[in-house]
Amino acid sequence: MPFSVKHFEIHRNIIDEYRRSDILSARAEGSDVVFQKTFKALSDPTRRAILDLLKTGKRNAGEIASHFEMSAATISHHLSVLKDAGLVLDEKEGKYIYYELNTSVMDEIIGWISSLTSGGR
């Protein structure tokens with residue numbers, strides 16, 4: 001017996017609801033993980049220097065690497081850590097991948113720090 005459109009819509013709604021609840025619980029449980037990854041990424045001076053470079057606009061890995069005396073593999077690792085922490089976004093344009101700052105994670109951290117300094121007032 002083939003599925004009707006109504007059956008398909010019911011199943012799709014169930015799957016969508018499951019995904020939404022899964023995402024919300026991951027956000028609630030994952031905020032500590034996000035902060036840990038972010039602070040780990042920020043603890044390295046090379047990664048902070050990469051972020052400083054990106055504040056002027058997006059750059060590809062070669063442009064970033066040209067500012068450092070280290071291998072392309074090492075720069076790639078640093079970019080991966082920054083990306084995993086959500087501090088940079090990447091976008092493929094032609095044959096290059098461009099990296100740019102993602103300020104939403106910083107906004108979240110600043111908000112958290114601000115809540116600590118307000119002392120619950």
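**Figure 1. Around N60 in strand β1****.** Let's start close in, on a predicted model. Leaving out residues up to four places away in sequence, N60 touches Y96, I97 and Y98. Is N60 buried or exposed? With a relative accessible area of 10%, N60 is buried, because that value lies under the 20% cut-off. The N60 side chain also reaches the backbone nitrogen of E63, at 2.8 Å.

**Figure 2. The open three-stranded sheet, in the order β1-β3-β2****.** Stepping back a little, we see the strands paired in the antiparallel sense. The edges belong to β1 (59-60) and β2 (88-93), each of which pairs on one side only. Helix α2 packs on this sheet and touches β1, β2 and β3, and its direction makes about 95° with that of β3. How many bridges join β1 to β3? There are two, and the β3 strand spans residues 96-101. On this side of the sheet, R59 has Y99 of β3 as its bridge partner.

**Figure 3. The hairpin of β2 and β3****.** Here the two strands run antiparallel and are paired over six bridges. Take a look at the turn: two residues lie between the strands, and G94 has a positive phi of about 65°. Among the partners across the hairpin, E93 is bridged to Y96 in β3.

**Figure 4. I64 and the largest nonpolar core****.** This core holds 20 residues, and the members that touch the most others are I50, I64, L82 and L87. Which helices each supply at least two of its residues? They are α1 (5-42), α2 (45-54), α3 (61-65), α4 (72-84) and α5 (103-117). Zooming in on I64, and setting aside neighbours within four places in sequence, we find contacts with I50, L53, L54, R59, I75, L79 and Y99. Two of these, R59 and Y99, will be familiar as the bridge partners between β1 and β3.

**Figure 5. Where the prediction is confident, and where it is not****.** The chain has a mean pLDDT of 80, with 72% of its residues at 70 or more. Helix α2 has the highest confidence, at a mean of 97, whereas α1 has the lowest, at 60. Please take care with residues 18-29, where the pLDDT is below 50. Beyond near neighbours in sequence, that stretch has one contact in the model. Where pLDDT is low, the predicted coordinates should not be read in detail.

How values were computed: Residues numbered from 1 in each chain as written. Heavy atoms only, no water. Core = buried A, V, L, I, M, F, W, Y, C linked by side-chain atoms within 4.5 Å. Buried < 20%, exposed > 50% of the residue type's maximum accessible area, 1.4 Å probe, protein only. Helix = DSSP H or I, 4+ residues; strand = E, 2+ residues; numbered from the N terminus. Contact = heavy atoms within 4.5 Å. Pairing = 2+ DSSP bridges. Axes fitted to C-alpha atoms, helices over the stretch in contact; angles between N-to-C directions. pLDDT = per-residue confidence, 0-100. Polar contact = N/O pair within 3.5 Å; in protein donor to acceptor, adjacent residues only side chain to side chain.
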